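Work through the exercises below with the model open. Try each task before you read its solution.

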Amino acid sequence: MDELLKILQNNALELPDNIARMLNIPVAEVQKKIAAYEAQGVIRGYQAILNEEQVDPEKVTAVIEVKVTPQREGGFDTIAQRISRFPEVRSAYLMSGTYDLLLFVEGRSLREVASFVSERLSPLEGVLSTSTHFMLKTYKRFGVLMHKESTDERLSVSP
Amino acid sequence: MNGSASLRNRLNTVVRDIPRSGIRDFFDIVTTMKDVISLGIGEPDFDTPWHVRESTVFALERGATHYTSNLGYLELRRALSTYVAKNFGAEYNPEDQILITVGVSEALDLALRALLNPGDEVLYHEPCYVSYRATILFANGVPLAVETRPHNGFRLTRAMLEAKVTPRTKVLMLNFPNNPTGAIMSRADLENIAAFAVERDLIVITDEIYGELTYDAPHQSIVSLPGLRERTIFLHGFSKAWAMTGFRLGYACGPAELIEAMMKIHQYTMLCASSLSQKAALEALIRPEQDVTEMVNEYRRRRNFLATAFADMGVECHRPLGAFYAFPSVAKFGLPAKEFALRLLADEKVAVVPGTAFGECGEGFVRCAYATNMDNIKEAMKRLKRFTAKLPVR
């Protein structure tokens, strides 16, 4: 991976000026490369990684396994894209194995997620069955640990 | 017996007369202060890779808690043999040419004690790691320091060695990539040094603990040069490239006669290196590439950032090419290095190590370790800029 992307993936707020210093290239080149990545769609956006449990303890996240019938011409894409459009669906993946799609669905309550599954998702044409698992606790998201690690235990000066 | 003066008189005179490490003194001051950003730490800020830590727990559960062979687990020596051949260009027989030690520090001590008779001279270059001079003296050797300078990137030349060598010189010690300067040697540089060592029939001890950490050019080892393997003790360990300082694990590779002599001292004083640390090291070697590459890339970004920051504030700093230290010159501010460091600490709460901790010729320099995260480096450079702007330039 381009080191520039690595830096941004680690900290999207890093200033172009600092990135230029780290990579030993001109600032203008950093800005040009970022703009190009955005234009190509390599960079799709910039989001904060939240500890959701702190922000909204009532919020419910469900992981839903969905079996679907692939459609003529569109294959899995047509049905998967249709499902992905629901704002409740935060992530959607096509999977190998015993089911086809894996969805991460968020709602304000258990009831809200349940009604999404029973009233929106299941009745869709092409959806054969669903299996819903509720998330209990988050330990790590997007490579970031949600519990505080112990502080630096190194001596403050060493040879 | 009456009081501490008489106890002091009973001490071995060599031990009594060697001062404590300058780093230790500085550490004592820094620990009394709060919220200090430390660029004084000579160890990686990365955690030991999780697979290494996890496998150490597993080894503990499995009961790897006993003495190992004096030389160390054969399995580990085999893995090291392969690793050293691939990365440093010299082949060693795991049966009798590799010794696992408690860090490179022990390996260095063993090598010197195995080689030196009282009065034998050891050539080494300064600024250097804090222990070299003391370790030579403890082994009853005579230290001959050769000064390296920033004008050629703190590299060692044959001419510098020629100026100091005498018929009593037995050993040449090398440490590249270098702590504290970040200097490295090219193959051509090493060829000159190697020719000198052969001509003078010197034993070479090369401490390559930072061998994996180079940023612009790959590391070259003197053991890979023709004829050098037979007269060289190669020292390395896991502290830096795998962030395993607390595991205290190093190793020495060399001709069987030398390893056997070192093993005798090790056998009677240390018995063996920690069994758990050896298991951890083996795990580190099984999947090394990704761990190390990631760290090197991050250090390179920090190095680049630091180099530009020093240039911005008008502080001269030769470009560090390896290890994780920058060694800028603060001579133009007219303060002794220790005074500079103390005032920087008092005024801006940034800890750097005075160059004098690494030898007299370190006067006028400070060591800034970039083994700390980018946020700390940015903040430290901001404060250093503010601090140096206030100082009159001599």
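The exercises cover chain B as a whole, its contact with chain A, two helix pairs and two sheets.

This is a predicted model: local features need pLDDT of at least 70, side-chain atom pairs count only at pLDDT 80 or more, and totals for chains, interfaces and linings use all residues. Residues are numbered from 1 along each chain as its sequence is written, while chains are lettered from A and ligands numbered from 1 in the order in which they are written.

**Exercise 1. Chain B overall**

Task: Find how the radius of gyration of chain B stands against that of a compact globule.

Solution:
- Start with the rule: the radius is taken over C-alpha atoms, and the globule value is 2.2 Å times the number of residues to the power 0.38.
- For 394 residues this puts a compact globule near 21 Å; chain B has 21 Å, so the two agree.
- Next, the extents. The C-alpha trace of chain B spans about 60 × 60 × 50 Å along its principal axes.
- Then burial. Buried means 20 or more other C-beta atoms within 10 Å of a residue's own, exposed means 12 or fewer, and partly exposed lies in between, with C-beta atoms placed from the backbone. In chain B, 49% of the 394 residues are buried.
- Now contacts, which require C-beta atoms, placed from the backbone, within 7 Å. Of the contacts in chain B with a separation of 6 or more, 76% join residues 24 or more positions apart.
- Last, the elements. Helices (H or I, at least four residues) and strands (E, at least two) are DSSP runs, numbered from the N terminus. Chain B has 14 helices and 12 strands.

**Exercise 2. Where the chains touch**

Task: Which element gives the most to the side of chain B that touches chain A?

Solution:
- Count both sides: 22 residues come from chain B and 12 residues from chain A.
- List the elements of chain B that give two or more residues: α3 (22–30) and α12 (288–312).
- α12(B) gives the most, with 5 residues.
- Sort the chain B side by type: 11 nonpolar, 8 polar and 3 charged. Here Ala, Val, Leu, Ile, Met, Phe, Trp, Tyr, Cys and Pro count as nonpolar, Asp, Glu, Lys and Arg as charged, and the others, Gly among them, as polar.

**Exercise 3. Two helix crossings**

Task: Classify the crossing of α2(A) with α3(A), then that of α6(B) with α10(B).

Solution:
- Axes are lines fitted to C-alpha atoms, for helices over the stretch in contact, and angles run from 0 to 180 degrees between N-to-C directions.
- Under 35 degrees is roughly parallel, over 145 roughly antiparallel, 65 to 115 roughly perpendicular, and the rest oblique.
- The axes of α2 (residues 16–23) and α3 (residues 27–40) of chain A come within 8 Å and cross at roughly 110°. That makes α2(A) roughly perpendicular to α3(A).
- P16(A), D17(A), I19(A) and A20(A) of α2(A) make the contact with V27(A), V30(A) and Q31(A) of α3(A). By type they are 5 nonpolar, 1 polar and 1 charged.
- In chain B, the axes of α6 (residues 103–115) and α10 (residues 256–269) come within 9 Å and cross at roughly 110°. α6(B) and α10(B) are therefore roughly perpendicular to each other.
- L110(B), A111(B), R113(B) and A114(B) of α6(B) meet L258(B), A261(B), M262(B), I265(B) and H266(B) of α10(B). These divide into 7 nonpolar, 1 polar and 1 charged.

**Exercise 4. Two open sheets**

Task: Which strands stand at the edges of the sheet in chain A, and which at those of the sheet in chain B?

Solution:
- Two strands pair if DSSP finds at least two bridges between them.
- The chain A sheet has 4 strands in the order β2-β3-β1-β4, paired antiparallel. β2 (89–94) and β4 (127–134) of chain A each have a single partner strand, so one side of each lacks a neighbour in the sheet.
- 5 bridges join β2(A) to β3(A) (residues 101–107). Y93(A) has L102(A) as bridge partner, and L94(A) stands opposite L101(A).
- This hairpin has 6 residues between its strands, and G97(A) in the turn has a positive phi of about 110°.
- Of the 6 residues of β2(A), 0 are buried, so β2(A) lies largely in the open.
- The chain B sheet has 3 strands, in the order β9-β12-β11, also paired antiparallel. β9 (325–326) and β11 (353–354) of chain B stand at the edges, each with a single partner strand.
- β9(B) and β12(B) (residues 366–369) pair over 2 bridges; A326(B) has C368(B) as bridge partner.

Notes:
Two residues are in contact if their C-beta atoms, placed from the backbone, lie within 7 Å.
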